[in-house]
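User: Hi! I would like to go through this model with you and ask how each label is earned.

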Amino acid sequence: MKKILKIILKFAIYSTIALILIGVGALGHNYIMAENEKIQGGTIRATHQESALLEIAQELGLKGIEKINFYFHTPGTGRSCDEEESGGCYFSSRRKIIIKKEALDNKESAKTLIAHEYMHDVWNVSERDKNFSYLKYLSTLMINHYAENANFREKISWYSDNNYLVPDEMFAIACANSPDEILNGQILTECNKHLDRTKFTQK
């Protein structure tokens, strides 16, 4: 009986995430076209990088940060996050990482926050460059891990409870917010391609 329930649960998880992936893929197509148009006729280097945020990004060993804009959260402007977003956010438009200034009161938390938003940029750039084989690989990796690892499911339960369980969020949480013990070797390998997890604490 337990084996049957386990199979049913796994099927339900896969079915739910498959529907989400279809939706993300449909949205992603329009996004990619728009971003490619901007790239062809616009700037590909960062135009604004707050020194305090850039310093942390460099310490984390983040790749390609010369092309990422780093802003402090400024309410009422195009450089602001929603109020419910605890410490920061990411905008694919012009590749903006926005961090609330008070988040820097705790440097370890700030490192985790910047690492998390940066992993959204990694996903965004793969979409922009139409690297669909890599995104498919990452999506499959995260879906399998979600289905098989109860600790990881608990880690991202807020996102599933609020219907926001999308692969790029799962990847960001895995790389920036999850300890080694609840990740597998393949995921850790992918995370370490983009940042140095030894430079900050994952909880």
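Analyst: Happy to help; below, each label is set beside its definition.

Analyst: This is a predicted model, in which local features need pLDDT of at least 70 and side-chain atom pairs count only at pLDDT 80 or more, while totals for chains, interfaces and linings use all residues. Residues are numbered from 1 along each chain as its sequence is written, and side-chain values use heavy atoms, with hydrogens and water left out.

User: What makes up the protein chain in terms of helices and strands?

Analyst: The protein chain has 8 helices and 3 strands, arranged along the sequence as α-α-β-β-β-α-α-α-α-α-α. Helices here are DSSP runs of H or I with at least four residues, strands are runs of E with at least two, and both are numbered from the N terminus.

User: How do you know which strands pair in the sheet?

Analyst: Two strands pair if DSSP finds at least two bridges between them. Strand β1 (residues 69–72) is joined to β3 by 4 bridges, and the two run parallel. Strand β2 (residues 88–91) also has 4 bridges to β3, but here the strands run antiparallel. The outcome is an open sheet of 3 strands in the order β1-β3-β2, with mixed pairing.

User: Why are β1 and β2 called edge strands?

Analyst: Each of β1 and β2 pairs on one side only. The twist from one strand to the next averages 20°, where angles run from 0 to 180 degrees between N-to-C directions and axes are lines fitted to C-alpha atoms, for helices over the stretch in contact.

User: Which residues stand opposite each other across the bridges to β3?

Analyst: Tyrosine 71 has isoleucine 98 as its bridge partner in β3. Phenylalanine 91 faces lysine 96, and glycine 88 stands opposite isoleucine 99. In the hairpin of β2 and β3, 4 residues lie between the strands, and arginine 94 takes a positive phi near 60°.

User: What makes both faces of strand β3 count as covered?

Analyst: Lys96 and Ile98 on one side of β3 (residues 96–99), and Ile97 and Ile99 on the other, are all buried. Buried means under 20% relative accessible area, exposed means over 50%, and partly exposed lies in between, with a 1.4 Å probe and protein chains only. Over the protein chain, buried residues make up 44% of the 203 residues.

User: How do you know that lysine 111 is buried rather than exposed?

Analyst: Lysine 111, found in helix α3, has 6% relative accessibility and therefore counts as buried. Leaving aside neighbours within four places in sequence, lysine 111 is in contact (heavy atoms within 4.5 Å) with Ile56, Glu59, Leu60, Lys199 and Phe200.

User: Why does leucine 113 get its label, buried or exposed?

Analyst: Leucine 113 has a relative accessible area of 16%, so it is buried. Leucine 113 is also in helix α3, and apart from neighbours within four places in sequence it contacts Gly87, Gly88, Ile99 and Ala103. Its C-alpha is 9.6 Å from that of serine 86, a residue 27 places away in sequence.

User: Why are α4 and α7 called roughly parallel, roughly antiparallel or roughly perpendicular?

Analyst: Two packed helices are described by the angle between their axes and the distance between the axes. Helix α4 (residues 132–148) and helix α7 (residues 167–177) pack at about 70°, with axes 9 Å apart. Angles under 35 degrees count as roughly parallel, over 145 as roughly antiparallel, 65 to 115 as roughly perpendicular and the rest as oblique. So α4 and α7 are roughly perpendicular to each other.

User: Which residues of α4 and α7 meet?

Analyst: On α4, Leu138, Ser139, Met142, Ile143 and Tyr146 meet Pro167, Met170, Phe171 and Ala174 of α7.

User: What makes a set of residues a nonpolar core, and which members touch the most others?

Analyst: A nonpolar core is a set of buried Ala, Val, Leu, Ile, Met, Phe, Trp, Tyr and Cys residues joined through side-chain atoms within 4.5 Å. The largest one has 45 residues, and Phe70, Tyr118, Phe152 and Phe171 touch the most other members. Helix α3 gives the largest share of this core, 8 residues. Leaving aside neighbours within four places in sequence, phenylalanine 171 contacts Met119, Val122, Trp123, Leu138, Met142, Glu190, Cys191 and His194.
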